[in-house]
Amino acid sequence: MNLICASSASSPSTQSQDHLSQQWHHLTHQLQTWFNGLPETFMPSAIIPTSLHNTTHLTEVWLSIPVCAATTLTWHFSQILLLLHKPPHILPHSSFPPHNHRSSTISDRITTYRTIHSEILYHSRQILGLCLARPDAS
């Protein structure tokens with residue numbers, strides 16, 4: 001599945017857009033199902049506010065096993081990649097199959113971009129939090 005090339009095509013057909021949307025939703029659902037099925041050892045054992053200056057939104061995210069931290073980092077990276085390559089005609093909170101892309105308005109697109117931006121910020125902060133954790137202090 002190559003969502004990058006498909007999203008840059010000049011005029012993809014509705015059928016190919018629907019197919020891309022279905023693939024994107026399917027992949028997103030599979031990753032979320034996998035993540036939800038992880039054992040509790042993959043969940044943070046502690047979340048601590050950082051002592052860095054001018055960082056109100058960053059926390060240290062501690063996981064007890066290094067491989068769990070690496071797996072969690074990879075999952076957050078995958079979520080960012082999926083969001084960055086989300087087919088542009090998928091509206092936020094749309095039902096499956098997605099809404100008709102022709103009915104989107106400018107405000108719908110702005111809402112979509114803001115939603116994607118806030119989700120990317122969340123995953124980025126989780127990645128930074130995992131990287132800021134001090135294993136020598138644990």
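Cysteine 131 is exposed in this predicted model, its relative accessible area of 54% lying over the 50% that marks exposure. Cysteine 68 offers a contrast: its relative accessibility is 2%, so this residue counts as buried. With sulfur atoms required to lie within 2.5 Å, the count of disulfides comes to 0.

The overall layout gives these residues a setting. The protein chain contains 4 helices and 2 strands, and their order along the sequence is α-α-β-β-α-α. Of its 138 residues, 33% are buried. The accessible surface amounts to about 9,000 Å², and carbon and sulfur atoms contribute 61% of that area. Among contacts with a separation of 6 or more, 66% link residues that stand 24 or more positions apart.

Helix α3 is a good place to look at the interior. This helix runs over residues 66-84, and its end C-alpha atoms are 27 Å apart; the 27 Å expected for 19 residues at 1.5 Å a residue agrees with this distance. The buried residues of α3 include Cys68, Ala69, Thr71 and Thr72 towards the start of the list, followed by Trp75, His76, Ser78, Gln79, Ile80, Leu82 and Leu83. As background to such a list, an α-helix has 3.6 residues a turn, so residues three or four places apart point the same way.

One of these buried residues takes part in an aromatic pair, and the structure holds 1 such pair. Phenylalanine 35 and tryptophan 75 are stacked, with 3.8 Å from centre to centre and 10° between the planes. Because phenylalanine 35 belongs to helix α2 (residues 14-36) and tryptophan 75 to helix α3, the pair ties together parts that are 40 residues apart in sequence. Both phenylalanine 35 and tryptophan 75 are buried.

Glutamine 79, also in helix α3, has a relative accessible area of 9%; this value is under the 20% cut-off, so the residue is buried. Leaving aside residues up to four places away in sequence, glutamine 79 touches Leu31 and His123. A further relation across the sequence involves glutamate 119: glutamine 79 and glutamate 119 are 40 residues apart in sequence, and their C-alpha atoms are 8.7 Å apart in space.

The contact with His123 leads on to helix α4. Histidine 123 is placed in this helix, which covers residues 106-132. Its relative accessibility is 7%, and histidine 123 therefore counts as buried. With residues up to four places away in sequence again set aside, histidine 123 touches Trp75, His76, Gln79, Ile80 and Leu83. Each of these five partners appears among the buried residues of α3.

Helix α4 itself has 27 residues and reaches 38 Å between its first and last C-alpha atoms, close to the 39 Å expected at 1.5 Å a residue. Its buried residues are Thr112, Thr115, Ile116, Ile120, His123, Gln126, Ile127, Gly129 and Leu130. The cover over these buried residues includes β2 (59-62) and α3.

How values were computed: Residues numbered from 1 in each chain as written. Predicted model: local features only at pLDDT ≥ 70, side-chain atom pairs only at ≥ 80, totals over all residues. Heavy atoms only, no water. Buried < 20%, exposed > 50% of the residue type's maximum accessible area, 1.4 Å probe, protein only. Expected span 1.5 Å × (residues − 1). Contact = heavy atoms within 4.5 Å. Areas by Shrake-Rupley, 256 points an atom, 1.4 Å probe, with all protein chains shown as cover. Phe/Tyr/Trp six-rings, centres within 6.5 Å; stacked < 30°, edge-to-face > 60°.
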